[in-house]
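Trainee: I've got a protein structure to read and I'm not sure how to begin. Could you walk me through it?

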Amino acid sequence: HRLLPLNNDAAASATIIQALQPELMPADGKNAAAAVALGIRLLQQGRQPQGEILLYSNQLSQHEQQQTLRMLQDRKHRLNIIGIGSKAGAVIQGDSQQQLSRLDEGGLKAFCRRASCNYLHIQQVARQYQPAASKFDANGNGRQDQGYWLLLPMLLLLAPLARKGW
């Protein structure tokens, strides 16, 4: 699924990285090769002769690897893979508990060596964008702006100015 439009804004991408939640996806499913094809198609529609595609995944099947390698043969577009999850797997609390697939970091790294692409784990990416990460608390929730509380004292100070002759 596409999470944000084509852009050159690293800060916007960092914000999306920090706010990733399974609920953002419009539908369940996994097809990395189709995602890469969508990325290439979007770059071509945007008249970008070269571009980077950022793929978040926990593993790639052999079929997905073969298809993706074929699509990247022309080397016009660069693939970057961000590994999501852990080797042990994880449970997400929600409406019902479900076991997530385990991260196949070795397989993703091996694929990246063959495809000449970059691989990072999501925790490495978060450390790179520390200024953006500071906007979020330990649970990944954005800080709430409490600046509106300043309005009440400001109104009290400015209220006399509303009287005629002051």
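Mentor: Sure, we'll go through the overall layout, the sheet, the helices, the core and a few single residues. Keep in mind that this is a predicted model.

Trainee: Okay, how many helices and strands are there in the protein chain?

Mentor: The protein chain has 7 helices and 5 strands. Starting at the N terminus, the elements go α-α-β-α-β-β-β-α-β-α-α-α. Of the 166 residues in the chain, 25% are buried. Also, among contacts with a separation of 6 or more, 68% join residues 24 or more positions apart.

Trainee: How should I read a sheet?

Mentor: Here's the general idea: strands of a sheet pair through backbone hydrogen bonds, either parallel or antiparallel. In this model, 3 strands make an open sheet, and their order is 1-2-5. Strand 1 and strand 5 are the edges, each pairing on one side only. From one strand to the next, the twist averages 20 degrees.

Trainee: In which sense do strand 2 and strand 5 pair, parallel or antiparallel?

Mentor: Parallel, over 4 bridges. To find your place, look at I81, which stands opposite Y119 in strand 5. N80, in turn, stands opposite N118 in strand 5.

Trainee: And which way do the side chains of a strand point?

Mentor: In a regular strand the side chains alternate between the two faces of the sheet. Strand 5, residues 118–121, shows the alternation: Y119 and H121 point to one face and are buried, while N118 and L120 point to the other and are not buried.

Trainee: Why does H121 count as buried?

Mentor: Because its relative accessible area is 11%, and the cut-off for buried is under 20%. Leaving out neighbours within four places in sequence, H121 is in contact with I82, G83, G85, L103 and E105.

Trainee: Now helices. What should I look for?

Mentor: An α-helix has 3.6 residues a turn, so residues three or four places apart point the same way. Take helix 2: A32, A33, V36, G39, I40, L42 and L43 are its buried residues. Strand 1, helix 3 and strand 2 are among the elements covering them.

Trainee: How far does helix 2 reach from its first C-alpha to its last?

Mentor: Helix 2 has 14 residues and reaches 20 Å, close to the 20 Å expected at 1.5 Å a residue. After helix 2 comes R47, with a positive phi near 55 degrees.

Trainee: Which strands does helix 4 lie across?

Mentor: Helix 4 lies across strand 1, strand 2 and strand 5, and it runs at about 160 degrees to strand 5. L108 is one of the residues in helix 4.

Trainee: Is L108 buried or exposed?

Mentor: L108 is buried, because its relative accessible area is 1%. Apart from residues up to four places away in sequence, L108 touches S57, N58, Q59, L60, I81, G83, L103 and Y119. For a sense of how the chain folds back, compare L108 with S61: they are 47 residues apart in sequence, and their C-alpha atoms are 9.8 Å apart in space.

Trainee: What about an exposed residue?

Mentor: Try K87, in the loop between strand 2 and strand 3. K87 counts as exposed because its relative accessible area is 60%, and the cut-off for exposed is over 50%. Even so, K87 touches R102, L103 and E105, not counting residues up to four places away in sequence.

Trainee: How do I make sense of a core?

Mentor: In soluble globular proteins, nonpolar side chains tend to be buried together. The largest nonpolar core here has 17 residues, and V36, L55, L60, L79, I81, F111 and C117 touch the most other members. Helix 2, strand 1, strand 2 and helix 4 each supply at least two residues of this core.

Trainee: Which residues is L79 in contact with?

Mentor: Setting aside neighbours within four places in sequence, L79 is in contact with V36, I53, L55, T68, L72, F111, C117 and N118.

Trainee: You mentioned a cysteine there. How many disulfides does the structure hold?

Mentor: A disulfide is a covalent bond between the sulfur atoms of two cysteines. This structure holds 0 disulfides. Two cysteines you can look up are C112, buried at 4% relative accessibility, and C117, buried with a relative accessible area of 10%.

Terms used:
Residues are numbered from 1 along each chain as its sequence is written. This is a predicted model: local features need pLDDT of at least 70, side-chain atom pairs count only at pLDDT 80 or more; totals for chains, interfaces and linings use all residues. Side-chain values use heavy atoms; hydrogens and water are left out. A nonpolar core is a set of buried Ala, Val, Leu, Ile, Met, Phe, Trp, Tyr and Cys residues joined through side-chain atoms within 4.5 Å. Buried means under 20% relative accessible area, exposed over 50%, partly exposed in between (1.4 Å probe, protein chains only). Contact means heavy atoms within 4.5 Å. The expected span of a helix is 1.5 Å times one less than its number of residues. Two strands pair if DSSP finds at least two bridges between them. Axes are lines fitted to C-alpha atoms, for helices over the stretch in contact, and angles run from 0 to 180 degrees between N-to-C directions. A disulfide is a pair of cysteine sulfur atoms within 2.5 Å.
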